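Hi there,

Here is the structure I promised to pass on. Have a look at it first, then read my notes underneath.

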Amino acid sequence: MEAIKNTSQLAAHDEMLSFRTGIYILLSILLVSLQAMAGCSSNENELSSTASPEITNTPATPVLTLPSWTGDTIVETLYGAVEGLEDQSNTWVWKAVPYAKPPVGELRWKAPRDPEPWNGVRSSQNFCQMCSQNNWLGGEDVWGSEDCLYLNIWRPQSMETELPVYVYIHGGGNAIGSANQVPTYLGSTVASKSDMVFVSMNYRLGPFGWFSHPALRTDQIGDKSNQADESGNYGTLDIIKSLEWIKKNIRAFGGDPERVIVTGESAGGTNIYSLLESPLATGLFHTALIQSCMNYTNSIETGDAKAHEVMLTLL
């Protein structure tokens, strides 16, 4: 859009644009929220089928110390107990383990927070839903849920401890995909053949994962008091949050938090470049394996300009 040179026209234009932009953001949030199913709930779509775990809703106090792996499929994490299932290749799997609070409501477009502790044993038979995304088969509907920050863990059916930890970050252009989108993303084979603990996670995608706009910020650019919340890099922060969870909890599953390998393909590999650059990820992994990707960055100003351009197109 060409610059409006007349001062009065500029003021009127900005006022109207601000109003329309605010309305659009509110309508967008309402639309996606209505379309998004509750996380870890049943879905007729086989790709994102889930089941609600049986847990007590009463808030619990986080566990301060964790026991090492005992061979029991009921494992105590810092936030509550989770129950594993027998899986292929002589492995155990723990599905849909929360590593952060659902990023909904006031936590939408914010850095991820620690999950709420729970009482009882959390037992999930199915993977959680994919994060909200467009129908990649070509439809105009939205798949998945905003409540999607969960990870999955596989390990061999053995008494071994201090196993290396293999963390896989799925691809999909940071716009589509999930940790269990295709069978090759599942961790039973790697865990069994390589004698490792395998972890995969969902992270926010598209405009929920990477989105920068002045309407979402309370501070000015350069003000570091709320830097994570206002960075626009919510998908990257989700991945870092999952690595923090792994560092604090994986020993209870028999993994060694000092031998964490992060791997990713396509956008997953690009996200590993971000981990290598981010000081927030320091000490959370020790080896990086990057597959078939490109490395690029954008400034907040560029992100704001792109968001503005998209909104003008949609208005």
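Below is what turned up, topic by topic.

First, some housekeeping. This is a predicted model, so local features need pLDDT of at least 70 and side-chain atom pairs count only at pLDDT 80 or more, while totals for chains, interfaces and linings use all residues. Residues are numbered from 1 along each chain as its sequence is written, and side-chain values use heavy atoms, with hydrogens and water left out.

**The disulfide**

Searching the whole structure gives one disulfide (a pair of cysteine sulfur atoms within 2.5 Å). Cysteine 131 and cysteine 148 form it, with their sulfur atoms 2.0 Å apart. Cysteine 131 sits in the loop between E7 and strand E8 (133–134), and cysteine 148 in the loop between strand E9 (142–143) and strand E10 (150–156), so the pair ties together parts that are 17 residues apart in sequence. (Strands, E, are DSSP runs of at least two residues and helices, H or I, of at least four, numbered from the N terminus.) The torsion about the S-S bond is about 95°, so this disulfide is right-handed. Both cysteine 131 and cysteine 148 are buried, where buried means under 20% relative accessible area, exposed over 50% and partly exposed in between (1.4 Å probe, protein chains only). Cysteine 128 is buried too, at 3%, whereas cysteine 293 is partly exposed at 28%.

**A small sheet**

Three strands make an open sheet in the order E2-E3-E7, with mixed pairing; two strands pair if DSSP finds at least two bridges between them. E2 (74–76) and E7 are the edge strands, each pairing on one side only. E2 and E3 (residues 81–83) run antiparallel and are joined by three bridges; in one of them, glutamate 76 partners alanine 81 of E3. Over in E7, serine 123 counts as buried at 19% relative accessibility. Its side chain makes a polar contact with the side chain of glutamate 83, at 3.4 Å. (That term means N or O atoms within 3.5 Å; within protein, one must be able to donate a hydrogen and the other to accept it, and residues adjacent in sequence count only if both atoms are side-chain atoms.)

**The cores**

The largest nonpolar core (buried Ala, Val, Leu, Ile, Met, Phe, Trp, Tyr and Cys residues joined through side-chain atoms within 4.5 Å) has 40 residues. Trp94 and Phe253 are among the members that touch the most others. Helix H4 gives the largest share, five residues. A second, separate core of eleven residues includes Leu85 and Phe127.

Cheers!
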